[in-house]
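Hello,

Below is the structure you are taking over, with my notes on it underneath. Please read the notes with the model open.

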Amino acid sequence: MKYLMILLALITTGCSVNDIVESNASTQQNFDLADSDHDGVIMAREHCEGTLIGSAVDNYGCGNTKNINERQDLKILFSNNSVIIEPQYYNQIELVANIMTTYPTTKVTIEGHTSKRGSYELNLALSQKRAKAVIEVLENRFGIDPSRLNAIGYSFDKPIDSSGTPEAEERNRRVIAEVTADDAIPEMKWNIYTVDEQID
């Protein structure tokens with residue numbers, strides 16, 4: 001029995017050695033495994049080529065879109081009874097300008113708001129002038145077409161802090177940019193830098 005097992009082992013080993021086939025020829029790749037638009041989906045599965053880099057896509061490389069309808073509180077602090085925008089706040093306005101430059105169908109309404117010092121009429125005019133001051137920076141510094149811009153003042157009708165403290169009055173002296181468009185923009189996916197890119 002022991003000799004039979006040894007004989008079988010030798011026969012099996014001999015067969016396996018003889019069955020080895022070596023090939024130096026390269027194999028033909030039937031599918032395109034490249035990711036030409038860098039969206040994380042190989043071309044063999046890609047249904048939507050050319051998606052914007054960084055956009056959120058499904059398993060077939062097709063991105064989702066969202067309507068452009070964004071309200072942004074611009075962190076511009078005005079002195080009491082003033083419409084002067086200090087240069088350190090231009091970066092806030094530049095954020096709006098960048099969106100409008102990237103998406104040419106966008107329009108923006110700048111809302112001006114005031115604290116509750118003085119008469120309603122005085123604050124209505126003041127809030128309108130504050131909104132207009134932001135419009136002028138968008139036009140003159142960033143080259144945005146005035147036909148895409150609108151300014152509206154709300155006096156003290158829409159406070160965000162009604163406590164009446166000096167800090168509340170400062171918070172209520174503000175401008176808000178509302179950007180809208182008929183177009184849609186791609187939804188962007190989260191990455192390790194996303195939090196850093198958010199505007200406080």
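R71, E111 and E178 belong to one network of salt bridges. This is a predicted model, and everything below is computed from it. Within the network, the side chains of R71 and E178 meet with N and O 3.5 Å apart. Because R71 is in strand β1 (residues 65–74) and E178 is in strand β4, this bridge ties together parts that are 107 residues apart in sequence. R71 has a relative accessible area of 47%, so it counts as partly exposed. E178 is also partly exposed, at 24%.

The count of salt bridges comes to four. One of them joins R117 to E169, with an N to O distance of 2.8 Å. R117 sits in the loop between β2 and α3, while E169 belongs to helix α4, so the bridge ties together parts 52 residues apart in sequence. The two partners differ in burial: R117 is partly exposed at 42% relative accessibility, whereas E169, at 18%, is buried.

Helix α4 takes part in another bridge, between R171 and D161, where the closest N and O atoms are 3.3 Å apart. R171 lies in the helix itself and D161 in the loop between β3 and α4, ten residues away. Here R171 is partly exposed, with a relative accessible area of 45%, and D161 counts as buried at 19%. The cut-off for buried is under 20%, so D161 at 19% falls on the buried side of it.

Next, the aromatic rings. How many aromatic pairs does the count come to? The count is one. The pair is Y120 with F156: the ring centres are 5.4 Å apart and the planes stand at 85°, so the arrangement is edge-to-face. The cut-off for that label is over 60 degrees. Y120 comes from helix α3 and F156 from the loop between β3 and α4 (166–172), so to speak of distant parts of the chain, they are 36 residues apart. Y120 is partly exposed at 30% relative accessibility, and F156 is buried at 17%. A separate contact with a ring is made by K158, which lies over the face of Y154 at 4.1 Å from the ring centre.

Now the interior. The largest nonpolar core has 23 residues, and those with the most contacts inside it include I76, I85, V96 and V108. I110, V134 and L138 are also in that group. Elements giving two or more residues to this core are α2 (90–102), β2 (107–113), α3 (120–140), β3 (149–153) and β4 (174–186). Helix α3 supplies the largest share, six residues.

I76 is a useful place to start looking at the core. Leaving out residues up to four places away in sequence, I76 touches I85, Y89, Q92, I93, V134, R173, R174 and V175.

Two of those neighbours, Q92 and I93, are among the buried residues of α2. The other buried residues of that helix are V96, A97 and M100. The length of α2 can be checked as well: at 1.5 Å a residue, its 13 residues should span 18 Å, and the end C-alpha atoms are 18 Å apart, which agrees.

Regards

Key:
Residues numbered from 1 in each chain as written. Predicted model: local features only at pLDDT ≥ 70, side-chain atom pairs only at ≥ 80, totals over all residues. Heavy atoms only, no water. Core = buried A, V, L, I, M, F, W, Y, C linked by side-chain atoms within 4.5 Å. Buried < 20%, exposed > 50% of the residue type's maximum accessible area, 1.4 Å probe, protein only. Helix = DSSP H or I, 4+ residues; strand = E, 2+ residues; numbered from the N terminus. Contact = heavy atoms within 4.5 Å. Expected span 1.5 Å × (residues − 1). Phe/Tyr/Trp six-rings, centres within 6.5 Å; stacked < 30°, edge-to-face > 60°. Lys NZ or Arg CZ within 6 Å of the ring centre and 35° of its normal.
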